[in-house]
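This briefing is intended for a reader who is meeting the structure for the first time. Please have the sequence and the model at hand while reading.

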Amino acid sequence: MAIARQVLCLSAFLSLSHAHSQPLRYSVAEEGESGSVVANVGEDAGLAPAQLSARRARLTSEDGRQHFRLERGTDRLIVAERLDREELCGQAATCTLPFELVLANPLQFLRVEVTVQDINDHAPVFPEEQITFKIPETSNPGSRFPLVGARDLDIGSNSIQAYSISPENGYFSVSFGGQTEEEKYVELVLEKPLDREEQAEIGFILIAMDGDSPPRSGTTQICIVVLDANDNAPVFTKKVYVGQVLENASEGSVILSVLATDLDAGSNGDISYQFSQIVGQSDSVFAIDPTSGEITLTKALDFEAAEKYELSVQAKDGGGLSAICKVLVEVVDMNDNAPELVVSSFSSPLPENTLPGTVVALFNVKDRDSGANGKISCALEDQLAFSLRQAYKNYYELVTVSELDREEIAQYILSVTAADAGSPPLTTTQTFTVDISDVNDNAPVFNQTSYTMYVRENNVPTVLVGAVSAADADTGSNAKVTYSLLPAHPTEQPPCSCISVNSENGDVFVLRPLDYELVKQIEVLVSTSDAGSPALSASVTVRLVVVDENDNAPLVLYPSQDRNPPPSELVPMSADAGYLVTKVVAIDADSGQNSWLSYHLLRATDPGLFVVGTQSGELRLRRPLTERDPMKQKLVVLVRDNGQPPLSATASLSALLLHDFSDLHLPQSSLATENDGDSLTMYLIISLVFVSLLFLASMATFVTHKVCMRREMEGGHVLYGAGTLQRDLADAAAAGTLPHPYCYEISLTTGSGNSEFKFLKPILPSLPPQHCTTGGVTDDEQDFTCGTITLEDVAPDNPGTLSAEQFNHLSFK
């Protein structure tokens, strides 16, 4: 066996940028061991070292067989399995194995062709171990006897180059020649006349040798039987017969007929035909009629399996002489194979931000038919986002031509149709399903432009008041939204700690109880962001409105409830029904109907004497006063709001029924009631002592002061005369009560004959002093006058009466 020849690198054409134009061509000797190095593909392709590994290079071939592989890290192309040229290519003059080198990131491919060189790994083989010739003894020297030559599967110089005879016997020599493979012949040549009586049989070995050094050889045993006179051998009309047959021809179809003639007569001229065995081919596809020489088809043909058949037909006469001719049967191709579409690379899914011109798939098309039947065209069904472009020969690329949007179309189903040019044409359709993967290009969107939520005050902690909801048109993690709180304005402090939002579902909670009277509305921003990278976000305003609850009872402003006993209102006995005694003023910190107040007379000394305005709180006389009515009336007014359940407060007050405003000195016994008890007695004693001391001190200065006052009052009055005071009091009595805010000065006329002055107390004796103004204030919210002084402060022993001397020391504003 010959040693495998050294692997030669024939060429590496063009640079990587023109890899589609010319393939990289190499050659390798057959029978090379697995792992033998063919070439450094990366270097020949102009790639940096180890770039094939970095770009995940791989080899693809049309037949799917991997004869070669890439050595990782070195970029060398090595033999993957033992290569047998005869198995791969048969008797073809050249044996080329084409395949593609496909690289990713970016997608690229290189065409590679490796030629398998023949080595002399086959010896010549004769079809028979022994060949017998029956030769008449009358044969003349120079007569030729055709042989079925030996068959060598090698080609070129490794095929049969010579024949020889061993041992040489002087009777025969061998003749070998022919210009073409089809014309080659092997013949025995008779060198001298035979003499059956001298030697009836002659035996020797025929040796066939190829052209290698040292040559391989094959032998067969030749046996020559010398016959009596049959001196004419059959002769074919042609040395080579050529016939054609359609590959779809039916069994029994006649291909052609061979014809041989023999000049002998009788049995020596009777010719019979038969196939001579051809090494490496089977004659079972054809049959020959032994008498007529008609060759017929015995089973269906396939052009793609064998394009032609070479047969050897032997014609033999009855005397044993024979002749051999060759028959070449050419199979005519029919369009019986649809195109095949082989995908080399396919990328799916594609990111939706893929740039136009990106290669999605690489595939090649082929057709086992030939000629027009094997000419293929490809087309892509109407599709605006993708197109086909031819890359190299029958290689096509499926590329994007426009921007993709997963939210608009999430999946493309592309149909590529390959059709041959036969009649009728055959087609094959390949479907590519391209999924579009999501890119975070859509921000979340709330389902409302703003949210308004309501919560009742005094709510339970962590109460759910509503939810915000945002949707993201993306998918997967890019569509997963989370929620968070932001300040309502960028310059504000962190958002209110009383509100929380569930980061997963957007539920809004109020974490602690709220008080409507302190805060009526809270406004925050809720932000949502998706889980993409980078994350996209949006925000929305959430307005939390606190709904009032009836949690505040009414507060009585007037009359003040801080004094005990409560202040007394003065009512003239002459007052008619409807006389305004006083007005109960109350407020409620709640709002809405919870602050609507109603007034009701809860208790009274004489319930039939007074009536309270339900809405106004005005206490009026229900009927005129009589002498039978008690002089001091105690009343309790209930102030109730309109909430559910309603809350209420009470206002306690008293009223003094007087015959005249000058009759302020009343017997203490008439003012006292059974409820004054020991406390009232103590107050009376203190008041009497205080008044007595004040009276003694006042008498010492009375004379001097009286003289001065007389001079000032001779003109009638200083600020208000008695008539003025009487007129003002009369007006107040007619109106039913004194005005709430008032400023005045009082002095006595010289003609006053009373030693005591009955003084009307201010309406709001317990409120603190304020500025003397009522401008711009409603009836229910008046600012009360300053300078107020109570009689109890001056005359604690008898708060209803002032002596003239005590009054002279008072000035009121």
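Which residues are linked with Arg406 in a network of salt bridges? The network consists of Arg406, Glu407 and Asp438. The model discussed here is predicted. Its chain contains eight helices and 52 strands, and the points below move from the chain as a whole to selected strands, charged pairs and backbone features.

**The chain as a whole**

- The chain has 813 residues, of which 42% count as buried.
- Among contacts in the chain with a separation of 6 or more, 67% are made by residues 24 or more positions apart.
- The chain presents an accessible surface of about 41100 Å², and carbon and sulfur atoms account for 52% of that surface.

**A three-stranded sheet**

- Three strands form an open sheet in the order β10-β13-β12, and their pairing is antiparallel.
- Strands β10 (144-147) and β12 (172-177) are at the edges; each has a single partner strand, so one side of each has no neighbour in the sheet.
- On average, neighbouring strands of this sheet are turned by 30° against each other, direction ignored.
- The antiparallel pairing of β10 with strand β13 (residues 185-190) runs over four bridges.
- Leu147 is found opposite Val186 in β13.

**Glu187 within this sheet**

- Glu187 is located in strand β13.
- Is Glu187 buried or exposed? Its relative accessible area is 17%, below the 20% cut-off, and Glu187 is therefore classed as buried.
- The side chains of Glu187 and Arg144 are joined by a polar contact of 3.0 Å.
- Apart from its neighbours within four places in sequence, Glu187 touches Arg144, Phe145, Pro146 and Leu147, and Glu187 is also in contact with Ser173, Val174 and Ser175.

**Salt bridges**

- Side chains of opposite charge can pair when their charged atoms come close.
- How many salt bridges does a search of the whole structure find? The search finds 13.
- One of the pairs is formed by the side chains of Glu113 and Arg25, with a distance of 3.3 Å from N to O.
- This pair links distant parts of the chain, since Glu113 belongs to strand β8 (residues 108-117) and Arg25 to strand β2 (residues 24-29), 88 residues apart.
- Glu113 is buried, at a relative accessible area of 14%, whereas Arg25 is partly exposed, at 29%.
- A further salt bridge joins the side chains of Glu100 and Arg111, at 2.2 Å from N to O.
- Glu100 is in strand β7 (residues 96-103) and Arg111 is in strand β8, so this salt bridge ties together parts that are eleven residues apart in sequence.
- Glu100 and Arg111 are both buried.
- Asp606 and Arg623 also form a salt bridge, in which the closest N and O atoms are 2.8 Å apart.
- Here the linked parts are loops: Asp606 lies between β46 (597-604) and β47 (610-612), while Arg623 lies between β48 (618-621) and β49 (632-641). The two residues are 17 residues apart.
- Arg623 has a relative accessibility of 26% and counts as partly exposed.

**Cis peptide bonds**

- Asn105 and Pro106 are joined by a cis peptide bond with an omega of about 0°.
- Pro106 is situated in the loop between β7 and β8.
- Another cis peptide bond connects Ser423 with Pro424, with an omega of about -5°.
- Pro424 is found in the loop between β31 (411-420) and β32 (427-437).

**Residues with positive phi**

- Lys393 is not a glycine, yet its phi is positive, at about 50°.
- Where does Lys393 lie? Lys393 is in the loop between β29 (386-392) and β30 (395-400).
- The relative accessibility of Lys393 is 53%, over the 50% cut-off, and Lys393 therefore counts as exposed.
- Thr462, which is not a glycine either, has a positive phi of about 55°.
- The position of Thr462 is in the loop between β34 (450-456) and β35 (463-467).

Key
Residues numbered from 1 in each chain as written. Predicted model: local features only at pLDDT ≥ 70, side-chain atom pairs only at ≥ 80, totals over all residues. Heavy atoms only, no water. Pairing = 2+ DSSP bridges. Axes fitted to C-alpha atoms, helices over the stretch in contact; angles between N-to-C directions. Salt bridge = Lys/Arg side-chain N within 4 Å of Asp/Glu carboxyl O. Buried < 20%, exposed > 50% of the residue type's maximum accessible area, 1.4 Å probe, protein only. Contact = heavy atoms within 4.5 Å. Areas by Shrake-Rupley, 256 points an atom, 1.4 Å probe, with all protein chains shown as cover. Polar contact = N/O pair within 3.5 Å; in protein donor to acceptor, adjacent residues only side chain to side chain.
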